[in-house]
Amino acid sequence: MATVRRFLFSRRTLALATASTFGLAGSGYFYLNSGPAYPASTRETRRPPPPWTPPSRQAMLDALQRSAQEGEDDDVMFDLLIVGGGATGAGVAVDAASRGLKVALVERSDFSSGTSSKSTKLVHGGVRYLQKAVMELDYEQYKLVREALHERKIFLQTAPYLSHMLPIMLPLYKYWQVPYYYAGCKMYDLLAGKENMETSYLMSKGKALEMFPMLKSDGLVGAVVYYDGQHNDSRMNIALIMTAVKLGATVANYCGVTELHKDTQGRLIGAQVKDELTGRKFNVRTKGVINATGPYTDSLLMLDNPSHKPIVRPSSGVHITLPAYYAPARMGLLDPATSDGRVIFFLPWEGGVVAGTTDTPTKVNAQGEEVTPTEEDVRWVIDEVRGYLSKDIKVRRGDVLSAWSGLRPLISAGSEGGTEGLVRNHLVRAEPSGLITIAGGKWTTYRAMAEETVDKAAEVYGLQDKAQGGCRTAELRLVGSDGWSRNMFIGLVQRFGLDTDVAKQLSENYGDRAWTVCALAEPTGDQWPVNDVRLSPTHPYVEAEVFYATRHEYACTAIDVLARRTRLAFVDAQAALTALPRVIEIMSEELRWSRARQRQEYARGVQFLGSMGLAPSVTTVANVSNATGGVNNLWSWLTWFEGGFWHLTGLIGVSVPSAAGSMTTFTRPTASSFKPWYSRAKFEAGEVDALRELFNRHATIVTPASSSSSSSSDTSLTDTLVPPQPQLRLNRTGIQPMLKTFAYDWPGAGYEGFRDSDYRYVFGQEGLDGWTDVDFDEFVEICGNLKDVSMMSAAKVAKKERKRIPVEKSGGGV
């Protein structure tokens with residue numbers, strides 16, 4: 001006993017106990033203070049920020065033209081002319097302007113109109129890159145992950161209202177996957193170090209199904225959850241542009257470079273710029289030019305040197321948006337091994353669910369031409385998603401609210417640009433003429449890419465003395481961040497009388513600038529909400545955003561608003577098509593558009609939304625059709641002025657006098673005007689009742705015992721106690737001729753042109769092979785599935801072998 005007492009109260013034991021106590025206390029303190037640290041607001045979040053109105057687009061064009069005026073001194077000459085207004089170009093503009101350089105940026109189309117608005121919306125390090133680094137001891141992949149994880153933290157700090165952390169689940173269906181993926185996610189946390197968001201954790205099968213009830217349960221053994229970041233890409237791009245403007249940069253969208261000017265030594269001294277909206281051309285003088293045109297990098301390089309060999313190999317990535325009920329509001333899903341070797345993400349975003357992506361070699365589209373996703377790629381994404389969802393959930397083509405395709409600017413390492421050199425890294429290089437090119441990379445690392453580019457520009461153009469110190473963007477908060485907090489939306493609700501979902505959307509997409517947006521809101525005329533007239537009744541985007549985008553964010557077209565200032569076109573293309581007339585009406589008043597420009601905007605809007613996954617027949621019917629005029633021309637104009645340009649919020653019977661005096665009519669698509677319609681509902685109003693009447697006319701009464709569908713495995717205790725009741729059942733062989741007749745009664749509903757193979761496919765999918773008759777519910781399910789199949793042509797239904805893509809060449813899903 002004395003020995004035990006001496007041991008317990010010895011100096012060594014007391015020292016060990018003290019050290020253990022401090023260690024546990026320190027660990028507890030670290031755990032309690034871990035997780036994302038949301039930066040504190042620097043201003044009062046319940047009050048509007050100081051007013052700031054950026055210079056107009058015309059003022060920007062005037063500043064660009066003044067730089068080339070003869071006799072002017074170097075004060076009007078730009079230090080840098082940045083070509084490209086995507087994530088990279090905007091990031092370079094912010095970095096350079098924050099160092100005190102005189103910066104100009106021009107973009108051929110709209111800001112973020114290309115790749116930067118069509119990403120997977122993730123801010124991530126790349127778990128698959130880490131796997132590649134470990135399995136093949138690839139140090140370059142390791143550096144890429146480390147850099148991206150570091151930039152991820154900065155990304156979420158500099159624009160906290162536009163980005164947030166998101167837990168992502170990796171469902172596990174093999175026991176060996178549990179330690180494998182758990183160790184990988186823990187290593188991912190370890191590499192992030194003190195910049196980690198939240199620690200990854202293991203989840204049991206029951207907990208995984210509780211958190212993600214849509215998940216397939218068959219064979220599920222558990223899940224691993226890790227954390228990455230998510231953001232609104234085009235809104236982030238606009239925030240970068242507006243921050244550059246606030247720092248003194250001159251920016252202009254819809255201005256493309258058509259010529260590069262050089263001095264007698266072959267060094268760049270300026271460029272010729274064309275205003276794409278007016279066709280006017282003017283010169284810009286600058287000390288240096290930066291090529292940040294993404295997939296179009298080679299176009300500008302060939303303008304500089306016609307013998308240039310291409311270095312960019314564009315790859316197309318397709319994403320789709322599904323309704324919100326396909327995933328929890330705050331939990332994403334990652335399929336780590338798809339059928340073609342890629343990863344596929346399934347992420348909640350902006351009130352919907354984004355799924356993607358594919359990876360298909362492609363060509364750069366021509367100017368003004370939208371990249372359209374192929375039906376094959378859309379259906380491949382749907383099939384991959386189906387494989388991870390419960391069997392009682394069937395993802396239909398009609399559930400696809402929008403689909404888009406973006407071009408990844410992958411860099412070729414070889415001189416010939418072979419596909420074996422395609423990697424997800426970035427390149428900064430200077431040409432003999434002085435042109436600096438920044439290409440490749442991804443959204444997460446835009447800031448580091450911009451820093452490296454500006455450092456290179458200062459060296460090449462001799463701007464070290466003029467640049468005020470080094471890079472400052474790691475601490476520079478973007479426009480909208482200073483007065484924002486996660487609870488700011490409550491102040492918006494209380495002051496302006498907004499619906500909660502509208503206030504949250506404005507707060508999370510505009511930051512403290514949401515106060516200015518709300519100040520432009522029109523009264524609804526209702527008791528509640530007071531001030532948020534919506535563009536679409538099913539989505540939280542409001543008309544005040546159209547006014548704000550036009551006055552404060554350089555929106556020049558209706559699609560600028562629907563696709564990139566708001567995200568309605570990406571969330572729901574059909575809703576965007578319905579809202580298009582009202583957006584044109586508001587912008588017409590703001591920008592004083594002519595009748596011809598209004599018709600042009602509608603036609604371009606329909607064309608763009610056709611590239612966002614709408615059925616081809618929808619855009620065909622919605623296109624502008626000119627009716628004949630004549631003696632009624634004057635009456636047409638009087639009617640137009642009396643009723644207003646868009647007297648209906650929909651597209652029904654809205655007419656505009658054409659240039660020749662005739663009427664231009666925009667007609668809303670109806671079920672009888674086209675086939676097929678990608679509808680979220682399988683059946684139209686009254687269609688199920690009509691099918692019931694059709695079923696009752698042709699069905700016969702049978703008892704369950706005589707039905708081929710009865711089996712002992714389907715018999716419950718209740719079935720054994722309750723006497724069998726006669727049922728109406730329809731012979732399988734009569735379904736095909738019945739539906740042929742029904743197609744005449746319901747034209748355009750999707751019953752025309754079914755093939756024998758369609759029937760065999762649907763019966764197989766429903767497990768009805770070998771059955772001789774069906775009941776009414778089975779008949780309705782067959783009809784709905786046949787309509788889904790009718791959306792596909794034979795070529796699109798056929799399975800194709802997809803090329804397996806190594807992860808280091810795929811972009812990691814983004």
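## Close-up views of a predicted model

**View 1. Helix 6 (residues 139-158) meets helix 12 (residues 446-461) at an angle of about 100°, their axes 8 Å apart.** As everywhere in these views, the model is a predicted one. Angles of 65 to 115 degrees count as roughly perpendicular, so helix 6 and helix 12 fall into that class. Helix 6 brings Glu147, Glu151, Ile154 and Phe155 to the contact, while helix 12 brings Tyr446, Arg447 and Ala448. By character, the residues of this contact are four nonpolar, three charged and no polar.

**View 2. Val251, Leu492 and Leu506 touch the most other members of the largest nonpolar core, which counts 104 residues.** Helix 19 (residues 573-591) is the element that gives the most to this core, namely 10 residues. A second core, of 31 residues, lies apart from it; Met214, Val318, Ala327 and Ile382 are among its members. For a closer look at one residue, pick Val251: leaving aside residues up to four places away in sequence, Val251 touches Met60, Leu105, Phe111, Ile241, Val245 and Tyr554. As general background, nonpolar side chains in soluble globular proteins tend to be buried together.

**View 3. Strand 17 (residues 402-411) is mostly covered, with 10 of its 10 residues buried.** In a regular strand, side chains alternate between the two faces of the sheet. Here, Ser402, Trp404, Gly406, Arg408 and Leu410 point one way from strand 17, Ala403, Ser405, Leu407, Pro409 and Ile411 point the other way, and all are buried. Strand 17 pairs with strand 12 (residues 312-322) in the antiparallel sense, over 10 bridges. If you would like a pair to zoom in on, Ser405 of strand 17 is the bridge partner of Val318.

**View 4. Three strands form an open sheet in the order 8-9-10, with antiparallel pairing.** Strand 8 (255-262) and strand 10 (281-285) are the edge strands, each pairing on one side only. Direction ignored, neighbouring strands of this sheet are turned by 30° against each other on average. Strand 9 (residues 268-275) and strand 10 run antiparallel and are joined by five bridges. Look also for Lys274, which stands opposite Lys281 in strand 10.

**View 5. Helix 3 (residues 57-66) packs on this sheet and touches strand 8, strand 9 and strand 10.** The direction of helix 3 makes about 65° with that of strand 10. Helix 10 (residues 297-304) lies across strand 8 and strand 9, and runs at about 30° to strand 8.

Technical notes
Residues numbered from 1 in each chain as written. Predicted model: local features only at pLDDT ≥ 70, side-chain atom pairs only at ≥ 80, totals over all residues. Heavy atoms only, no water. Axes fitted to C-alpha atoms, helices over the stretch in contact; angles between N-to-C directions. Helix = DSSP H or I, 4+ residues; strand = E, 2+ residues; numbered from the N terminus. Parallel < 35°, antiparallel > 145°, perpendicular 65-115°, else oblique. Contact = heavy atoms within 4.5 Å. Nonpolar A, V, L, I, M, F, W, Y, C, P; charged D, E, K, R; others polar. Core = buried A, V, L, I, M, F, W, Y, C linked by side-chain atoms within 4.5 Å. Buried < 20%, exposed > 50% of the residue type's maximum accessible area, 1.4 Å probe, protein only. Pairing = 2+ DSSP bridges.
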